[in-house]
Amino acid sequence: MNNTNVDPAELSKFSDLAHRWWDPESEFRPLHHINPLRLEWIHQQANLTGKRVVDVGCGGGILAEAMASKGADVLGVDLATKSLKVAQLHALESGVQNVRYQEISAEALASEQAGQFDVVTCMEMLEHVPDPASVVQACAKLVKPGGWVFFSTLNRNPKSFLFAIVGAEYVLKLLPRGTHEYARFIKPSELSQWAREAGLNVQGFKGMEYNPLSRRYWLSQDTSVNYLVATRREA
Ligand code: SAH
């Protein structure tokens, strides 16, 4: 099993907060608020109903469970044990049946279950791993030919430093200090190149924006801070 592409300090940040994954006013509030937006964006393109989906870096299962509620058969994977336990318990509580969780790296799962999934999602995770290109490769290997792979992450430029770190962690305190490391942010051009190298064709980008006064999030064409990308494996 290849578990080298992991930063233990990153995992422990999430494990320490794991009991709060489903508290909508916790550190995970932003993920709860963007969840319906990204869910609809994914569903519009890939139609989740009846699909086999793997959510890579699923955390407490906020997206995984929502995709299962759309009728997908979802496997959530992460390397933070506590988060997976919370995800499992929450699925039991909410009675969502078609979601399972497993502690395994994207790379290891890809060698076990290559080409087994219609849809792969990997949200807000790439910026926490030492070798994000290797995760992109693994996601490309997991999806069937013609299937969809969706990523989201943070762009790297002065504005994203100001908004995602100074604004979100220090001024607005939406996220705990140290949640994100600027050097790990990823430019859309970099992510596009890794995707292409892995055999994934980029279908489109969306930006995710936030207004601190209205405390609302929405999708837009502005990818300068937080963004999503839809890709498809060649058929
Ligand atoms: N994708 C979820 C959670 C994002 S938080 C969502 O968008 O709602 C980032 C997640 O990545 C955490 O759950 C963390 O444990 C996980 N993570 C970090 N490094 C990882 C790795 N190397 N392999 C798998 N998961 C990882």
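What follows is a short chat about a buried glutamate and some aromatic rings in a predicted model.

Me: What do local features need in this model, and how do side-chain atom pairs count?
Reply: The model is predicted, so to speak of local features a pLDDT of at least 70 is needed, side-chain atom pairs count only at pLDDT 80 or more, and totals for chains, interfaces and linings use all residues. Residues are numbered from 1 along each chain as its sequence is written, and side-chain values use heavy atoms, with hydrogens and water left out.

Me: Is Glu107 buried or exposed?
Reply: Glu107 is buried, where buried means under 20% relative accessible area with a 1.4 Å probe and protein chains only. Glu107 has no salt bridge, and the nearest side chain of opposite charge, Lys141, is 10 Å away; a salt bridge would put a side-chain nitrogen of Lys or Arg within 4 Å of a carboxyl oxygen of Asp or Glu.

Me: Which side chain does Glu107 make a polar contact with, then?
Reply: That is the side chain of Ser134, at 2.5 Å, a polar contact being a pair of N or O atoms within 3.5 Å, one able to donate a hydrogen and the other to accept it, with residues adjacent in sequence counting only if both atoms are side-chain atoms.

Me: Switching to rings, which residue lies over the face of Phe117?
Reply: Arg52 does, at 4.6 Å from the ring centre, and the charged end of Lys159 sits over the ring of Phe163, 5.2 Å from its centre. The rule asks for NZ of Lys or CZ of Arg within 6 Å of the ring centre and within 35 degrees of the ring normal.

Note on methods: Buried < 20%, exposed > 50% of the residue type's maximum accessible area, 1.4 Å probe, protein only. Lys, Arg positive; Asp, Glu negative; His and termini not counted.
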